[in-house]
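Student: I'd like a close look at one helix and its surroundings in this model. Could you walk me through that part in some detail?

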Amino acid sequence: MRDGIALFVLALQLPIPVFWLLVHPAASFWRRHPRWCYYGLGSFLWGAAAGALVAGRGWWLAERFSRHWLVALAGAGLIATDLLLTRQVERQAGWRALVGLPELMPGQHPGRLVLEGIYQRVRHPRYVGMMLSWWGAVLLSGATHLAGLAAAATLLIWIVSELEERELAARFGADYVAYRERVPRFVPRWRRDKP
């Protein structure tokens, strides 16, 4: 059951940065074809990810670095943290921002620069949640090959966030640039209360 949950989480989450890696550099094209982007490109990527993980599950799950229940419990905790972060993002930025409508359909869904709540701590809480989920799935399964996949995806998300930030700076100008200088990308700073 743990392996099934891990593969499900990865199949659901891993295509997201690949999707945006393909969308951001060609944003003007995809803005003219947003439905094709979501239904065509999105469906293809999620189907391919699920197919690759399920068809290759024997290889993905062949080697284990751990099967200890405490490691699996830590993985479940990371996945649960992603769910909580996703809920906060949805509450603060809205579900349209969560699925990227302001990027692909700015005329219909102009979006806004969100600076409050979790966005005061990190610029990309949704990406932080995704990374926690990937590593949670790795710990849940204890599979070594999935750890390599999660590591590659973690590097990919840095590239995707950089592309996204260029778009946000173009859309929101100096406000976003000041925000970017003030708030860290992924890892929150520990604050000390001043007397």
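Tutor: Happy to: we will start with helix α9 and then follow the salt bridges and the pocket around it.

Keep in mind that this is a predicted model. Helix α9 covers residues 125–141, and its 17 residues should span 24 Å at 1.5 Å a residue; the end C-alpha atoms are 24 Å apart, so the length agrees with expectation. The helix is mostly covered, with 14 of its 17 residues buried. Right after α9 comes G142, which has a positive phi, near 70°.

Now for the charged contacts. From α9, R126 forms a salt bridge with D82, and their closest N and O atoms are 2.7 Å apart. This pair links distant parts of the chain, since D82 sits in helix α6 and the partners are 44 residues apart. Both R126 and D82 are buried.

Just before the helix, in the loop between α8 and α9, you will find R123. R123 forms a salt bridge with E165, again with 2.7 Å between the closest N and O atoms. E165 belongs to helix α10, and 42 residues separate the two partners. E165 counts as buried because its relative accessible area is 1%, and R123 is buried too, at 9%.

Helix α10 also holds E162, whose partner R185 lies in the segment after α11, 23 residues apart. In that salt bridge the closest N and O atoms are 2.8 Å apart. Here the burial is mixed: R185 counts as buried at 14% relative accessibility, whereas E162 is partly exposed at 22%. In total, the model has eight salt bridges. Elsewhere, D3, R64 and R67 are linked in a network of such bridges.

Next, the pocket. The largest one holds about 780 Å³ of space. Its lining counts 35 residues, and the closest to the centre are A97, L98, G100, E103 and E164. Helix α9 is among the helices that each supply at least two residues of this lining, and so are α6, α10, α7 (95–98) and α8 (101–104).

Finally, return to α6, the helix that holds D82. This helix runs over residues 69–93 and includes W69. In contrast to the buried D82, W69 counts as exposed because its relative accessibility is 57%. Together with L70 and L73, W69 forms a nonpolar patch on the surface, with about 360 Å² of accessible area in all. Helix α6 therefore carries both an exposed residue, W69, and D82, a buried partner of R126 in α9.

How values were computed: Residues numbered from 1 in each chain as written. Predicted model: local features only at pLDDT ≥ 70, side-chain atom pairs only at ≥ 80, totals over all residues. Heavy atoms only, no water. Patch = residues over 30% accessible without salt bridge, like charges linked within 9 Å, V, L, I, M, F, W, Y side chains within 5 Å. Areas by Shrake-Rupley, 256 points an atom, 1.4 Å probe, with all protein chains shown as cover. Salt bridge = Lys/Arg side-chain N within 4 Å of Asp/Glu carboxyl O. Helix = DSSP H or I, 4+ residues; strand = E, 2+ residues; numbered from the N terminus. Buried < 20%, exposed > 50% of the residue type's maximum accessible area, 1.4 Å probe, protein only. Expected span 1.5 Å × (residues − 1). 1 Å grid on protein atoms, 1.4 Å probe; cavity = no way out; pocket = protein on both sides within 12 Å on 5 of 7 lines; lining within 4 Å. Points joined across faces, edges and corners; volume = space filled by probe spheres on them.
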